[in-house]
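I opened this notebook to record what I looked up in one structure. The entries follow the order of my queries.

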Amino acid sequence: MSKLRILITGGTGYIGSHTAVELLNSGYEVFIIDNLSNSNAEVVDKIEKITGIRPSFSKTDLCNKTELKEYFKKTKNIDAVIHFAAFKAVGESVQKPMMYYSNNISGMINLLEEMAENKIQNIVYSSSCTVYGEADTLPVTEESPVKKAESPYGFTKQAGEQMLFDISKAGDLHSVILRYFNPAGAHDSSLIGELPVGIPNNLVPYITQTAIGEREILTVNGNDYDTPDGTNIRDYIHVVDLAKAHLAALDRVLDKKSNEMTEVFNLGTGKGNSVMEVIRSFEKVSGTKLNYKIGPRREGDVVSIYSDTKKANEVLGWKAERDINDMMLTSWNWQNAISLKK
Ligand code: UFG
């Protein structure tokens, strides 16, 4: 039997590259497109090094309709698309909303048009727990209300979800929407991981860059929240666990296992950790004392959020297996590997 052919947009990025590895290891034929705006083509070599299989790669921008059309003209018989390609920095999206609307929304529209044109009827979409905003009750289930977006980035994720609901309802598109909580960690090989450009916004790369001496000090964004230690609580999930969930999601759309055309799943561990707990975990596994100080609250931060994982566990048959210590250790190993190269 010939292999199923899966197109990964944004496949050289952080979650995309880990997903490419899991797909190749599971016998899929993988096609990656990426405009390399926040990653580099070397990632393709790393994916090959890990799996022993080189995925097909094309530097293609979803916002360039002509380029995308050409791509689909020469790449036939794609069975499903996993759509990651998007900008993802909350703060930057507030500064440059048009850049986010244009890239994330127009890019997705172009992709969906080409999928329709080429009769590709299955998509797995990378969404975010940001759609829940400040949730009224915790943990959040997939039924928790989607709140008014707090940033242009959040709005683009909501818009992407809505497009899938509407298009699937009107036609033949089967979609699975995955709402990620806070991805962290890196591949055990330390060959792929998160590569933040410039000063990181996210907690974990900021911690590892501080510990290695690339940043002077980590600022904890407030310790006067209504949580046990006063710092924000998030549901950190290992990127390899997250990548594996895409296999289950693909099975679900490809085998038409659901009666619903669009399904939504939360992807988290179900366990919340505070910023201070993350720092303590890092210090424990790395044996390094982290230089940090307490600063003011960061605008736009929700107090606490973590997932109810029941639906993903029962319906997808997937469960996160790795804990916060594991995330910190693999992130630290990855940081050491990339800093060595500099
Ligand atoms: N934090 C610090 N210091 C830092 C960086 C972060 O204390 O230098 C804190 C934040 O204030 C927050 C926690 O660490 O309390 C996690 O912050 P991140 O920036 O790592 O993650 P967020 O929870 O803000 O954002 C993540 C994803 C977004 C997604 C959002 C949804 O990065 O893509 O979750 O809530 F939209």
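**Entry 1: cysteines.** How many disulfides does the structure hold? I was working with a predicted model, and I found 0 disulfides in it. I then looked up two cysteines, C63 and C129, for their exposure. C63 counts as partly exposed, because its relative accessibility is 32%, which lies between the limits of 20% and 50%. C129 has a relative accessible area of 9% and is therefore buried, the cut-off for that class being under 20%.

**Entry 2: N110.** Is N110 buried or exposed? I noted a relative accessibility of 8%, so N110 counts as buried. This residue lies in helix α5. I also followed its side chain, which reaches the backbone oxygen of L62 at 2.8 Å.

**Entry 3: K96.** Where is K96 found? I located K96 in the loop between α4, which covers 90-95, and α5, which covers 97-117. K96 counts as partly exposed because its relative accessibility is 43%. I then compared its position with that of I8. The two residues are 88 residues apart in sequence, and their C-alpha atoms are 26 Å apart in space.

**Entry 4: the second largest pocket.** I next turned to the second largest pocket, for which I recorded a volume of about 190 Å³. Which element gives the largest share of its lining? That share comes from α5, with 4 residues. Among the lining residues I listed L112, E113, M115 and A116. The lining also includes K119, I120 and Q121, and I167, G171, D172 and L173 belong to it as well. By character, I noted 6 nonpolar, 2 polar and 3 charged residues in this lining.

**Entry 5: the ligand.** Which residues come nearest to the ligand? I counted 20 residues around the ligand, and of these T219, N232, R234, R298 and D301 come nearest. I then looked up the contacts of its oxygen atoms with three asparagines. For N182, an N or O atom of the side chain is 3.0 Å from an oxygen atom of the ligand. For N202, a side-chain N or O atom is 2.9 Å from a ligand oxygen atom. At N221 the contact involves the backbone, where an N or O atom lies 2.9 Å from an oxygen atom of the ligand.

**Entry 6: recap.** I return to helix α5 in closing. It holds the buried N110, and it supplies 4 residues to the lining of the second largest pocket.

Conventions:
Residues are numbered from 1 along each chain as its sequence is written. This is a predicted model: local features need pLDDT of at least 70, side-chain atom pairs count only at pLDDT 80 or more; totals for chains, interfaces and linings use all residues. Side-chain values use heavy atoms; hydrogens and water are left out. A disulfide is a pair of cysteine sulfur atoms within 2.5 Å. Buried means under 20% relative accessible area, exposed over 50%, partly exposed in between (1.4 Å probe, protein chains only). Helices (H or I, at least four residues) and strands (E, at least two) are DSSP runs, numbered from the N terminus. On a 1 Å grid over the protein atoms alone, a cavity is a set of points where a 1.4 Å probe fits but cannot get out, and a pocket is an open set with protein on both sides within 12 Å along at least five of seven lines; lining residues have an atom within 4 Å of a point. Grid points are joined across faces, edges and corners, and a volume is the space filled by probe spheres set on the points. Ala, Val, Leu, Ile, Met, Phe, Trp, Tyr, Cys and Pro count as nonpolar, Asp, Glu, Lys and Arg as charged, and the others, Gly among them, as polar. A residue is near a molecule or strand if one of its heavy atoms lies within 4 Å of it. A polar contact is a pair of N or O atoms within 3.5 Å; within protein, one must be able to donate a hydrogen and the other to accept it, and residues adjacent in sequence count only if both atoms are side-chain atoms.
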